[in-house]
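Student: I should like to learn how the terms used for a protein model are justified. May we go through one example together?

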Amino acid sequence: MRYRIAIVGARIGGKHAAAIAALPDCFELAGVCDLDPARASGIAGTTPVSTDYAGLLERDDIDIVTLCTPSHLHFEQTRMAQQAGKHVVCEKPVAGTVEDLDQLARLEAETGRLVFPVLQKRHGHGLQKLRHLRDRDLLGRLYVASAESHWSRGADYYANPWRGRLATELGGTLMTHAIHQHDMVLSIVGSVQSVFARIATSVHPIETEDCASITATSVDGGLLSFSATVGSHAPTSRLRFCFEHLTAESSTDSKAPHRDPWSFTPSDTRREAIGQALSAFVPGDEDFVSLYRAVHADLVAGRKTGRLDDFRPVLALTQAAYASARSGREIFLSDPGSAQAPRAIHIQ
Ligand SMILES: NC(=O)c1ccc[n+]([C@@H]2O[C@H](COP(=O)([O-])OP(=O)(O)OC[C@H]3O[C@@H](n4cnc5c(N)ncnc54)[C@H](O)[C@@H]3O)[C@@H](O)[C@H]2O)c1
């Protein structure tokens, strides 16, 4: 089955166009929409371009809409697409709250149109190797895990009017930059149970936080720490996991901590088993190409729900971190340890 996709928002949308082009048996680019027609044309090739999202949704030759618009538009544009009979691939953050995510999930059930959040950093060979070991039950208990997202963003970045404002960015560096690293950690260790956070706006004259520090617990008792800023003169991302049987550390490439090289140091008792499992790891596609291949596989398999639940743990963490920073209190998620995905508690 070959699905026809339209891309909405043509800046990061360019990376999506490249991934779609890399999978010609799975997808065809059928439209590009941007308020700026020149920008749309820049990634469209011979595909029709438009500036009218509502008009695009009326086309019956489009199966999937990929949303790469500013963050505050994602929730409403996703709803509109589902109601118009399109599946949605949506850039992060799909929504600003877990409650909004629930609404989109309900709409999936009503319309049969599925939502796939863009978490392309789950699809890197370094992180995939760790997941490969976890899936073979080789890690043991989690002691601690940490993620640093020490990025550099200048005034030019915040000149883009939707950035740095709560109403349009839905948060600051936690919601926009660190979210990938935090999702990578949670995709291995599971949801968080409790969260204490401090945030600060120290680097730029903006409304949202540009520095953050979080301490959290995972549902099975591991201790987690997350540090984020856009004021690092040496841009770095780094993930580190200390399990009972393995210490794993990512690369420090600020934009690609999910890719090789990672270091894996096993305990003496698991050295042979972990070495054998790593030798058996077969690398496939990475990043956006791997993400789109997974979307295609889900649709062909006739899944009844998309992958909104993938986004839930990191959104709950982020939402709880904001609630903690506002209140000065530790936030406990309401159903830790249950089969249900976590929920953030609201403190006004
Ligand atoms: N997954 C990733 O690694 C990654 C990387 C960068 C950005 N993002 C996310 O992608 C989104 C876009 O980021 P960006 O950096 O490309 O932003 P941007 O502001 O540079 O580009 C957004 C584009 O959307 C267009 N647009 C705005 N409103 C529109 C509308 N109603 N209809 C059609 N087009 C519209 C704008 O004209 C612009 O070209 C953000 O939510 C961001 O968080 C994700």
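**Reasoning from values to terms**

Tutor: Let us begin with a loop: proline 261 is found between strand E12 (246-249) and strand E13 (263-266). Please keep in mind that this is a predicted model.

Student: What makes the peptide bond from aspartate 260 to proline 261 cis?

Tutor: The angle omega of that bond is near 5°, and the bond is accordingly described as cis. A cis peptide bond also joins lysine 92 and proline 93, where omega is about -10°. Proline 93 lies in the loop between strand E5 (87-90) and helix H5 (98-111).

Student: What is noted about phi of aspartate 137?

Tutor: Phi of aspartate 137 is near 60°, which is a positive value in a residue other than glycine. Aspartate 137 belongs to the loop between helix H6 (125-135) and strand E7 (142-152).

Student: Why does the pair formed by lysine 92 and the ligand count as a polar contact?

Tutor: A polar backbone atom of lysine 92 is 3.0 Å from an oxygen atom of the ligand. A polar contact requires a pair of N or O atoms within 3.5 Å, so this pair qualifies. The ligand taken alone exposes 860 Å², of which the protein buries 87%.

Student: How do you know that leucine 35 and glutamine 77 make polar contacts with the ligand as well?

Tutor: For leucine 35, a backbone N or O atom lies 3.4 Å from a nitrogen atom of the ligand. For glutamine 77, a polar side-chain atom lies 3.5 Å from a nitrogen atom of the ligand. The cut-off is within 3.5 Å, and therefore both pairs are polar contacts.

Student: How many residues surround the ligand, and which are the closest?

Tutor: The ligand is surrounded by 22 residues, and the closest are Arg11, Asp34, Arg39, Trp162 and Arg163. By class, this shell has 8 nonpolar, 8 polar and 6 charged residues. The space that the ligand takes is the largest pocket.

Student: Which domains does the UniProt record annotate, and what does the chain look like there?

Tutor: The unreviewed UniProt entry annotates residues 4-116 as "Gfo/Idh/MocA-like oxidoreductase N-terminal". Over residues 4-116 the chain is 41% helix and 21% strand, with the end C-alpha atoms 15 Å apart. The unreviewed entry also annotates residues 128-243 as "GFO/IDH/MocA-like oxidoreductase". Over residues 128-243 the chain is 28% helix and 41% strand, and its end C-alpha atoms are 16 Å apart.

Key
Residues numbered from 1 in each chain as written. Predicted model: local features only at pLDDT ≥ 70, side-chain atom pairs only at ≥ 80, totals over all residues. Heavy atoms only, no water. UniProt positions renumbered as here; feature names shortened; annotations may be inferred. Helix = DSSP H or I, 4+ residues; strand = E, 2+ residues; numbered from the N terminus. Near = heavy atom within 4 Å. Polar contact = N/O pair within 3.5 Å; in protein donor to acceptor, adjacent residues only side chain to side chain. Areas by Shrake-Rupley, 256 points an atom, 1.4 Å probe, with all protein chains shown as cover. 1 Å grid on protein atoms, 1.4 Å probe; cavity = no way out; pocket = protein on both sides within 12 Å on 5 of 7 lines; lining within 4 Å. Sits in = over half its atoms within 2 Å of the grid points. Nonpolar A, V, L, I, M, F, W, Y, C, P; charged D, E, K, R; others polar.
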